[in-house]
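Trainee: I'd like to go over the labels people put on a model like this one. Can we take them one at a time?

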Amino acid sequence: MPAVTITRCVCQRMPFATLLPIARAQGWTLDDIMRETGCGDQCGLCRPYLRKMLASDTVVFNEVLWE
């Protein structure tokens, strides 16, 4: 299986590294991120990454996460 690197919401072109400090400063939950940025609110493929980002401060993922 080829290596994978996931670093952003593709639909909104928002890097997780940009989004995390904003989310932390604003005290956002996943629902807040979706409402305020649109990330996770279109195709939804980044939702598991956004959840993990909020839980662990991870912004670069090397595995495929599923809901």
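Trainee: Which residues does Phe 61 touch, not counting residues up to four places away in sequence?

Mentor: Keep in mind that this is a predicted model. Phe 61 touches Val 4, Thr 5, Ile 6, Phe 16, Tyr 49, Lys 52 and Met 53. A touch here is a contact, with heavy atoms within 4.5 Å.

Trainee: What makes Phe 61 one of the residues singled out in the largest nonpolar core?

Mentor: The core has 19 residues, and Phe 61 is among those that touch the most other members, along with Phe 16, Leu 19, Ile 33, Cys 39, Leu 50 and Met 53. The elements giving two or more residues to this core are α1, α2 and α3.

Trainee: Which residues of α2 are buried?

Mentor: In α2, residues 30–37, they are Leu 30, Asp 32, Ile 33, Met 34 and Thr 37. The cut-off for that word is under 20% relative accessible area. Their cover includes α1 (16–26) and α3 (47–56).

Trainee: Why are α2 and α3 called oblique?

Mentor: They pack at an angle of about 120°, with axes 10 Å apart. Roughly perpendicular takes in 65 to 115 degrees and roughly antiparallel needs over 145. The angle of about 120° falls in neither range, so the pair counts as oblique. The crossing itself is right-handed.

Trainee: What meets what between α2 and α3?

Mentor: On the α2 side you have Leu 30, Ile 33 and Met 34, and on the α3 side Arg 47, Leu 50, Arg 51, Met 53 and Leu 54. That contact divides into six nonpolar, no polar and two charged residues. Arg counts as charged, so Arg 47 and Arg 51 are the charged pair.

Trainee: Why is Arg 13 called exposed?

Mentor: Its relative accessible area is 69%, and exposed means over 50%, so the label fits Arg 13. Arg 13 sits in the loop between β1 (8–9) and β2 (14–15). Its phi is near 55°, a positive value in a residue other than glycine. Most residues other than glycine have a negative phi.

Trainee: And why is Asp 57 called partly exposed?

Mentor: Asp 57 comes out at 46% relative accessibility. Buried needs under 20% and exposed over 50%, so Asp 57 lands in between. Asp 57 is in the segment after α3 and has a positive phi of about 60°, although it is not a glycine.

Trainee: What phi does Gly 38 take?

Mentor: Gly 38, just after α2, takes a positive phi of about 85°.

Methods:
Residues numbered from 1 in each chain as written. Predicted model: local features only at pLDDT ≥ 70, side-chain atom pairs only at ≥ 80, totals over all residues. Heavy atoms only, no water. Buried < 20%, exposed > 50% of the residue type's maximum accessible area, 1.4 Å probe, protein only. Helix = DSSP H or I, 4+ residues; strand = E, 2+ residues; numbered from the N terminus. Core = buried A, V, L, I, M, F, W, Y, C linked by side-chain atoms within 4.5 Å. Axes fitted to C-alpha atoms, helices over the stretch in contact; angles between N-to-C directions. Left-handed = near helix turned anticlockwise from the far one by under 90°.
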